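Me: Can you walk me through a protein model? I'd like to start with the words I need, then go to the pockets.
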Amino acid sequence: MSSDVGAGKVPAALDGLPKGDRKALLKWARGVGERSAREDRGIAPLVERIMSAAGTSGSEDGVDADELAPLLVAAAVEAYEEHGSHSGRDAMGDLMALHRVISAANSSLKLNDMLKEIVQAVVEVTHADICSIFLYEPEWDQLVLTATSGLNTDRVGDIRLRLGEGITGWAALVGKPVAVKEAWSDTRFKYVPGLLEENTVSILAVPIVLFTKEKLVGVIDVHMFEESEFSDAEVKFLETVAGEIAIAIENARLYQQTDIQLRQKVQELSTLQGVSAHIASTLNLTEVLSLIARQAAQLVRADAAAIYELHDEAGVLELVAQYDLNKPVHGVYHWRGEPRVVVPIDKSAIAHAVIRGVPGGLPADSDSALGVPFAGEEYHSLFVVPLVAPRGIMGGICLYNIEEKNFEEDQVRLLDAFAREAAIAVENARLYDAALRGLQTKSAMLQEMNHRVRNNLQTVAGLLSMQLRRIPAESDGAAALKESISRVQSIAAVHDLMMSGDGEVESIRLYELARKIADGVVSTLIKPGFKLSLNIEPATAEGIRVNSHEATMLALLFNELISNAILHGFAGLNSGSIDIRVKLDSPAEEGAGQRRGQSVTIEVIDSGVGLPPGFDPVKGGNLGLNIVHTLVVSDMRGTFSIGPGVKGKGTRAVFSFVPHG
């Protein structure tokens with residue numbers, strides 16, 4: 001751009017600006033306008049200077065800047081017109097027209113909306129047939145049609161001109177207004193098909209320059225369909241318009257840039273929050289590593305990602321996950337069936353970058369000789385982000401791109417924050433994995449212990465059974481041995497359930513326990529030919545669980561109560577029934593599963609001969625009832641009672657306790 005762009009530059013200092021009342025300020029503005037006219041500086045720098053002065057003088061001594069600015073501009077322009085060699089335009093008319101354009105420029109902070117208002121306002125106040133604004137894009141060194149009134153609006157954003165190309169580009173290049181009476185005969189004129197400028201005869205193009213920074217903002221054009229000699233006053237007026245909208249355009253661009261950056265920040269933070277929540281949603285180490293590799297690549301639009309784990313004690317860096325955006329199958333790197341990728345720390349550039357603990361770039365072929373993925377392939381940039389956890393550096397994320405890519409500072413901070421969240425997720429997953437392995441080891445040990453205890457109890461029961469065969473079947477000794485065998489088998493049944501249950505070795509379902517013990521007692525003690533009906537109501541028992549200690553005591557309780565019914569309640573009978581009923585203390589919660597602190601009541605009811613008159617379970621009970629009473633009251637801290645059954649027939653034993661399973 002020509003150095004002439006800076007012509008008429010406004011001084012930064014506003015010498016002589018009074019700080020007094022409104023009258024003094026108006027007098028000062030007229031003086032500035034008079035001097036500008038005599039020095040022929042142009043009306044655009046004058047208006048820009050007065051507007052700046054109004055901003056610095058506002059809100060002092062009751063003077064409001066918004067009210068003061070139009071008055072000062074009017075005073076300055078009036079003096080400028082009175083003392084300058086200007087003709088052909090009315091000063092007050094110019095001021096009103098300028099005010100119309102300034103109002104349009106201040107109508108919105110959205111750039112496109114504001115420019116549409118400006119071109120429409122310029123057409124109205126200048127009576128031009130067409131007005132267009134081309135904005136300068138320094139990164140492309142081109143002018144882009146951004147707004148128009150009179151041309152084909154479908155071409156907005158498509159038409160691009162180099163500096164010096166066409167009358168518009170020429171005005172931008174030389175930094176001065178260019179007025180052309182006969183555009184089609186001018187060698188600088190450039191016809192653009194489809195723009196609908198065939199009726200154009202005369203063109204005035206004025207560069208839009210931010211004088212305070214000597215910065216080219218763009219070009220404003222007016223087209224006339226009739227041949228027109230653009231007067232000095234008309235040129236200067238459009239220069240003034242260009243000067244005013246330069247400030248408005250710059251402010252709108254800054255606002256737009258800030259708005260974009262703010263929205264981008266919000267989007268990045270939302271993405272980071274969502275990614276962190278996604279990663280933290282699972283404790284499965286394999287899934288966590290897979291998620292981190294994929295999300296890291298997607299977060300900054302990388303083409304591939306690799307995650308390495310640092311093993312200081314072994315002096316190696318191990319590849320644990322990778323993600324390749326260009327292949328249909330992505331996910332965790334599985335080394336089974338092929339050599340694992342493990343590189344020595346002292347020979348690895350990636351390892352050294354990870355240990356430094358600071359995100360940074362490396363050559364894309366780093367460690368290619370060590371067999372790491374992506375290095376030395378079609379990728380041309382590599383960025384390493386360490387995984388820093390509270391306990392230290394755990395490893396690093398390598399991000400690869402096919403094209404050369406430099407991460408901006410904001411992206412680096414975003415990646416660093418993501419990596420720290422990811423490191424915590426990996427650490428939590430590893431702790432969970434270690435705890436799970438410990439639990440599995442504990443479970444295996446418990447299963448082995450249960451297996452050995454059950455086998456020992458079965459051995460004891462077998463020895464007692466061998467002894468039973470040496471004693472007369474109807475003797476008291478045989479009955480005692482049978483009861484002992486039943487007790488031992490009941491305890492063994494608990495360990496059997498803990499080995500073959502639903503995987504919860506620390507608790508057992510009450511219904512399964514009652515069923516197994518009852519079946520075992522019946523098979524051991526029932527006499528041949530006796531018809532027994534055994535019923536267990538599972539409606540409420542299904543959801544109740546007891547721990548291993550409670551299960552052992554309950555096994556003995558069920559054994560003793562069922563044994564008493566078979567050995568004593570059914571004496572002299574050929575048939576009978578035993579009902580086991582379980583209920584929770586609150587009927588409203590039955591069937592909903594066990595609640596913490598809820599007591600359970602169990603009834604064992606038989607249809608036998610019943611209890612003798614005046615029976616006292618404590619003083620007159622046998623060994624079995626003494627065992628039941630002791631277990632319930634002393635060990636389980638519950639209550640126990642025994643009495644006649646339904647309608648006085650048979651026996652009904654009831655005990656209650658609060659399970660902790």
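Reply: Here is the definition first. Ala, Val, Leu, Ile, Met, Phe, Trp, Tyr, Cys and Pro count as nonpolar. Asp, Glu, Lys and Arg count as charged, and the others, Gly among them, as polar. Keep in mind that this is a predicted model.

Me: OK. How do the classes split in the lining of the largest pocket?
Reply: The lining has 12 nonpolar, five polar and four charged residues.

Me: And how much space lies in that largest pocket?
Reply: About 470 Å³. Of the 21 residues lining the largest pocket, the closest to its centre are Glu-474, Lys-482, Leu-525, Lys-527 and Leu-567.

Me: Which helix gives the most to that lining?
Reply: α11 does, with four residues. α11 covers 476-500. α13, at 548-569, also supplies at least two lining residues.

Me: Switching topic. How many cavities of 30 Å³ or more does a search of the whole structure find?
Reply: Five. The largest cavity has a volume of about 170 Å³. It is lined by 15 residues, and the closest to its centre are Phe-134, Leu-161, Thr-168, Lys-190 and Glu-197.

Me: What are the classes there?
Reply: Nine nonpolar, three polar and three charged residues line the largest cavity.

Me: Which elements each supply at least two residues of that lining?
Reply: α6 (166-174) and β6. α6 gives the most, with three residues.

Me: Tell me about β6. How many of its residues are buried?
Reply: Nine of the 10 residues in β6, which spans 215-224, are buried. So the strand is largely enclosed by the rest of the structure.

Me: What pairs with β6?
Reply: β1 (residues 130-137) pairs with β6 in the antiparallel sense, over six bridges. β5 (residues 202-210) pairs with β6 in the antiparallel sense too, over nine bridges.

Me: Which residue in β6 stands opposite Ile-130?
Reply: His-223. On the β5 pairing, Ile-208 has Gly-218 of β6 as its bridge partner.

Me: Now zoom out. How many helices and strands are there?
Reply: The protein has 14 helices and 19 strands. There are 661 residues, and 48% of them are buried.

Me: What about contacts far apart in sequence?
Reply: Take contacts between residues at least 6 apart in sequence. Of those, 62% join residues at least 24 apart.

Me: Last one. How much area does the protein expose?
Reply: About 33000 Å². Carbon and sulfur atoms supply 52% of that area.

Conventions:
Residues numbered from 1 in each chain as written. Predicted model: local features only at pLDDT ≥ 70, side-chain atom pairs only at ≥ 80, totals over all residues. Heavy atoms only, no water. Buried < 20%, exposed > 50% of the residue type's maximum accessible area, 1.4 Å probe, protein only. Contact = heavy atoms within 4.5 Å. Areas by Shrake-Rupley, 256 points an atom, 1.4 Å probe, with all protein chains shown as cover. 1 Å grid on protein atoms, 1.4 Å probe; cavity = no way out; pocket = protein on both sides within 12 Å on 5 of 7 lines; lining within 4 Å. Points joined across faces, edges and corners; volume = space filled by probe spheres on them. Pairing = 2+ DSSP bridges.
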